[in-house]
Amino acid sequence: ARWAAERVVLSCRGPKDDAAAVLAALLLSADLAPWELSEVEQRNLFTVFVQQRRSQNRRVVVVIDDAHTFEPAAWDEISRLLAFSIDRKPAVDVLLAGNATLMERIGSAALGVVEKDVCVHRLDPPSQPDLMAYVEWRLERFGMTDLVSPVAAQRIAKLSGERYGAVDVRGQMALLLLRQLSLELVDGRVAGQGAAL
(Lines give C-alpha, C1' and ligand atoms only; values in the text may rest on other atoms or scores of the structure.)
Protein backbone atom coordinates (compact mmCIF):
# COMPACT_ATOMS: atom_id res chain seq x y z
CA ALA A 1 0.00 0.00 0.00
CA ARG A 2 2.86 2.36 0.81
CA TRP A 3 4.52 1.63 -2.55
CA ALA A 4 1.30 2.56 -4.36
CA ALA A 5 0.83 5.72 -2.27
CA GLU A 6 4.32 6.92 -3.22
CA ARG A 7 3.88 6.31 -6.95
CA VAL A 8 1.63 7.21 -9.82
CA VAL A 9 1.50 4.52 -12.52
CA LEU A 10 0.68 5.60 -16.07
CA SER A 11 0.27 3.20 -18.96
CA CYS A 12 0.77 3.38 -22.68
CA ARG A 13 0.10 0.37 -24.89
CA GLY A 14 1.43 -0.11 -28.40
CA PRO A 15 1.30 0.15 -31.23
CA LYS A 16 1.99 3.88 -31.38
CA ASP A 17 3.07 5.79 -34.48
CA ASP A 18 4.43 9.03 -33.08
CA ALA A 19 5.22 11.13 -30.02
CA ALA A 20 1.77 12.74 -29.92
CA ALA A 21 0.13 9.31 -29.64
CA VAL A 22 2.44 8.34 -26.75
CA LEU A 23 1.80 11.61 -24.94
CA ALA A 24 -1.97 11.39 -25.49
CA ALA A 25 -2.03 7.88 -23.98
CA LEU A 26 0.00 9.02 -20.96
CA LEU A 27 -2.22 12.05 -20.39
CA LEU A 28 -5.36 9.93 -20.64
CA SER A 29 -3.87 7.49 -18.15
CA ALA A 30 -3.26 10.45 -15.83
CA ASP A 31 -6.92 11.49 -16.22
CA LEU A 32 -5.84 14.52 -18.22
CA ALA A 33 -7.62 14.53 -21.54
CA PRO A 34 -5.21 15.69 -24.26
CA TRP A 35 -8.00 17.80 -25.79
CA GLU A 36 -6.78 19.36 -29.03
CA LEU A 37 -3.30 20.12 -27.76
CA SER A 38 -0.25 20.17 -29.96
CA GLU A 39 2.58 17.75 -29.29
CA VAL A 40 4.56 20.49 -27.53
CA GLU A 41 1.55 21.43 -25.38
CA GLN A 42 0.98 17.77 -24.49
CA ARG A 43 4.63 17.42 -23.48
CA ASN A 44 4.41 20.59 -21.38
CA LEU A 45 1.25 19.34 -19.63
CA PHE A 46 2.93 15.98 -18.93
CA THR A 47 6.02 17.78 -17.57
CA VAL A 48 3.87 19.85 -15.19
CA PHE A 49 2.06 16.67 -14.09
CA VAL A 50 5.37 14.95 -13.28
CA GLN A 51 6.75 18.01 -11.49
CA GLN A 52 3.61 18.29 -9.35
CA ARG A 53 3.81 14.64 -8.36
CA ARG A 54 7.49 15.02 -7.52
CA SER A 55 6.66 18.02 -5.30
CA GLN A 56 4.27 15.65 -3.47
CA ASN A 57 7.14 13.13 -3.07
CA ARG A 58 5.50 10.74 -5.51
CA ARG A 59 7.36 8.96 -8.31
CA VAL A 60 5.79 8.62 -11.73
CA VAL A 61 6.11 5.15 -13.24
CA VAL A 62 5.43 4.89 -16.97
CA VAL A 63 4.55 1.38 -18.15
CA ILE A 64 4.90 0.94 -21.90
CA ASP A 65 3.39 -2.33 -23.08
CA ASP A 66 4.00 -3.87 -26.50
CA ALA A 67 6.93 -1.46 -26.87
CA HIS A 68 8.28 -3.56 -29.74
CA THR A 69 5.33 -2.31 -31.86
CA PHE A 70 6.25 1.38 -31.52
CA GLU A 71 7.34 3.24 -34.65
CA PRO A 72 10.62 5.24 -34.65
CA ALA A 73 8.81 8.56 -34.04
CA ALA A 74 7.15 7.06 -30.94
CA TRP A 75 10.54 5.74 -29.77
CA ASP A 76 11.79 9.31 -29.91
CA GLU A 77 9.29 10.14 -27.16
CA ILE A 78 10.38 7.14 -25.12
CA SER A 79 13.95 8.45 -25.44
CA ARG A 80 12.76 11.82 -24.12
CA LEU A 81 11.06 10.09 -21.17
CA LEU A 82 14.26 8.22 -20.36
CA ALA A 83 16.30 11.44 -20.59
CA PHE A 84 13.80 13.56 -18.62
CA SER A 85 15.40 14.53 -15.32
CA ILE A 86 14.66 16.73 -12.33
CA ASP A 87 17.55 17.77 -10.09
CA ARG A 88 19.86 15.55 -12.18
CA LYS A 89 17.81 12.44 -11.32
CA PRO A 90 15.44 10.56 -13.62
CA ALA A 91 12.04 12.24 -13.45
CA VAL A 92 10.11 9.08 -14.33
CA ASP A 93 10.70 5.37 -13.99
CA VAL A 94 10.07 3.66 -17.32
CA LEU A 95 9.09 0.02 -17.61
CA LEU A 96 9.22 -1.32 -21.16
CA ALA A 97 7.46 -4.59 -21.95
CA GLY A 98 7.52 -6.37 -25.28
CA ASN A 99 8.78 -9.34 -27.19
CA ALA A 100 12.41 -10.34 -27.77
CA THR A 101 12.99 -7.71 -30.46
CA LEU A 102 12.62 -5.07 -27.76
CA MET A 103 16.13 -5.84 -26.49
CA GLU A 104 17.52 -5.09 -29.95
CA ARG A 105 15.96 -1.64 -29.80
CA ILE A 106 17.18 -1.03 -26.27
CA GLY A 107 20.72 -1.99 -27.32
CA SER A 108 20.66 0.24 -30.39
CA ALA A 109 22.52 3.53 -30.30
CA ALA A 110 19.45 5.31 -31.67
CA LEU A 111 17.52 4.92 -28.43
CA GLY A 112 20.38 6.27 -26.35
CA VAL A 113 19.95 3.74 -23.55
CA VAL A 114 23.09 2.27 -22.08
CA GLU A 115 22.51 -1.41 -21.37
CA LYS A 116 24.16 -1.14 -17.96
CA ASP A 117 21.37 1.31 -17.01
CA VAL A 118 18.68 -1.22 -17.92
CA CYS A 119 17.43 -4.00 -15.68
CA VAL A 120 16.17 -6.81 -17.89
CA HIS A 121 13.75 -9.52 -16.83
CA ARG A 122 12.70 -12.23 -19.23
CA LEU A 123 9.48 -14.14 -18.80
CA ASP A 124 9.25 -17.45 -20.58
CA PRO A 125 5.98 -18.22 -22.34
CA PRO A 126 3.43 -19.93 -20.12
CA SER A 127 3.55 -23.71 -19.98
CA GLN A 128 0.55 -25.91 -20.70
CA PRO A 129 -0.13 -26.36 -16.94
CA ASP A 130 0.09 -22.55 -16.54
CA LEU A 131 -2.48 -22.07 -19.29
CA MET A 132 -4.75 -24.76 -17.81
CA ALA A 133 -4.58 -23.08 -14.41
CA TYR A 134 -5.42 -19.77 -16.10
CA VAL A 135 -8.45 -21.28 -17.87
CA GLU A 136 -9.69 -22.70 -14.58
CA TRP A 137 -9.07 -19.41 -12.75
CA ARG A 138 -10.95 -17.41 -15.41
CA LEU A 139 -13.92 -19.77 -15.37
CA GLU A 140 -14.00 -19.81 -11.56
CA ARG A 141 -13.81 -16.05 -11.39
CA PHE A 142 -17.02 -15.70 -13.39
CA GLY A 143 -18.78 -18.75 -11.93
CA MET A 144 -18.67 -20.65 -15.23
CA THR A 145 -16.76 -23.79 -14.30
CA ASP A 146 -19.84 -25.92 -14.91
CA LEU A 147 -20.18 -24.61 -18.49
CA VAL A 148 -16.84 -25.93 -19.83
CA SER A 149 -15.77 -29.58 -19.77
CA PRO A 150 -12.22 -30.46 -18.67
CA VAL A 151 -11.48 -31.68 -22.22
CA ALA A 152 -12.68 -28.36 -23.67
CA ALA A 153 -10.54 -26.41 -21.16
CA GLN A 154 -7.49 -28.43 -22.21
CA ARG A 155 -8.26 -27.81 -25.87
CA ILE A 156 -8.65 -24.06 -25.33
CA ALA A 157 -5.30 -23.98 -23.50
CA LYS A 158 -3.58 -26.07 -26.18
CA LEU A 159 -4.89 -23.96 -29.07
CA SER A 160 -3.87 -20.67 -27.43
CA GLY A 161 -0.28 -20.66 -28.64
CA GLU A 162 1.31 -19.94 -25.26
CA ARG A 163 -0.61 -16.66 -24.87
CA TYR A 164 -2.95 -15.78 -22.03
CA GLY A 165 -4.82 -13.28 -24.20
CA ALA A 166 -5.55 -16.02 -26.73
CA VAL A 167 -7.01 -18.15 -23.91
CA ASP A 168 -9.46 -15.32 -23.20
CA VAL A 169 -10.48 -14.94 -26.84
CA ARG A 170 -10.81 -18.68 -27.46
CA GLY A 171 -12.79 -19.15 -24.27
CA GLN A 172 -15.14 -16.28 -25.13
CA MET A 173 -15.70 -17.66 -28.63
CA ALA A 174 -16.50 -21.10 -27.21
CA LEU A 175 -18.99 -19.58 -24.76
CA LEU A 176 -20.62 -17.57 -27.57
CA LEU A 177 -20.99 -20.77 -29.60
CA LEU A 178 -22.47 -22.48 -26.56
CA ARG A 179 -25.16 -19.83 -26.48
CA GLN A 180 -25.69 -19.79 -30.27
CA LEU A 181 -26.05 -23.57 -30.46
CA SER A 182 -28.27 -23.65 -27.33
CA LEU A 183 -26.03 -26.21 -25.64
CA GLU A 184 -25.49 -26.73 -21.94
CA LEU A 185 -21.77 -27.52 -21.97
CA VAL A 186 -18.73 -26.50 -24.01
CA ASP A 187 -17.12 -29.76 -25.05
CA GLY A 188 -13.95 -30.40 -27.05
CA ARG A 189 -15.80 -30.06 -30.36
CA VAL A 190 -17.32 -26.67 -29.46
CA ALA A 191 -13.93 -25.46 -28.15
CA GLY A 192 -12.35 -26.43 -31.49
CA GLN A 193 -15.09 -24.67 -33.45
CA GLY A 194 -14.66 -21.57 -31.32
CA ALA A 195 -10.92 -21.60 -31.99
CA ALA A 196 -11.55 -21.92 -35.74
CA LEU A 197 -13.73 -18.81 -35.63
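Visitor: What is the phi of D31, and which helix does this residue follow?
Guide: D31 stands just after α2 and takes a positive phi of about 60 degrees. The label α2 comes from DSSP, whose runs of helix (H or I, at least four residues) and strand (E, at least two) are numbered from the N terminus. This is a predicted model, in which local features need pLDDT of at least 70 and side-chain atom pairs count only at pLDDT 80 or more, while totals for chains, interfaces and linings use all residues. Residues are numbered from 1 along each chain as its sequence is written, and side-chain values use heavy atoms, with hydrogens and water left out.

Visitor: Which residues of α2 are called buried, and what covers them?
Guide: The buried residues of α2 are A19, V22, L23, A24, A25, L26 and L27, a word that calls for under 20% relative accessible area (exposed is over 50%, partly exposed in between, with a 1.4 Å probe and protein chains only). Their cover includes β1, α3, β2 and α4.

Visitor: Why is L176 called partly exposed?
Guide: L176, found in helix α8 (residues 164–180), has 49% relative accessibility, and therefore counts as partly exposed. From A33 it is separated by 143 residues in sequence and by 35 Å in space, C-alpha to C-alpha.

Visitor: How do you know that β1 and β2 pair, and in which sense?
Guide: Pairing asks for at least two bridges found by DSSP between two strands, and β1 and strand β2 (residues 59–65) have seven, in the parallel sense. In one of these places, V8 has V60 of β2 as its bridge partner.

Visitor: What makes β1 and β5 the edges of the sheet?
Guide: The open sheet has three strands in the order β1-β2-β5, with parallel pairing. Because β1 (7–13) and β5 (92–96) each have a single partner strand, one side of each is left without a neighbour in the sheet. From one strand to the next, the twist averages 20 degrees.

Visitor: Why is α6 called oblique to α7?
Guide: Helix α6 (residues 128–141) and helix α7 (residues 150–158) pack at about 125 degrees, with their axes 9 Å apart. That angle makes α6 oblique to α7, since under 35 degrees counts as roughly parallel, over 145 as roughly antiparallel, 65 to 115 as roughly perpendicular and the rest as oblique. The axes are lines fitted to C-alpha atoms, for helices over the stretch in contact, and angles run from 0 to 180 degrees between N-to-C directions. Contact means heavy atoms within 4.5 Å, and here Q128, L131, M132 and V135 of α6 meet A153, Q154, I156, A157 and K158 of α7.

Visitor: What makes a set of residues a nonpolar core, and which residues have the most contacts inside the largest one?
Guide: Such a core is a set of buried Ala, Val, Leu, Ile, Met, Phe, Trp, Tyr and Cys residues joined through side-chain atoms within 4.5 Å. The largest has 27 residues, and L10, L26, F46, V50, V62, I64 and F70 have the most contacts inside it. Two or more residues come from each of β1, α2 (19–29), α3, β2, α4 and α5 (101–107), and α2 gives the most, with five. Leaving aside neighbours within four places in sequence, V62 touches L10, L26, F46, L81, V92, D93, V94 and L95. A second, separate core of 17 residues includes V148, A157, L177 and V186.
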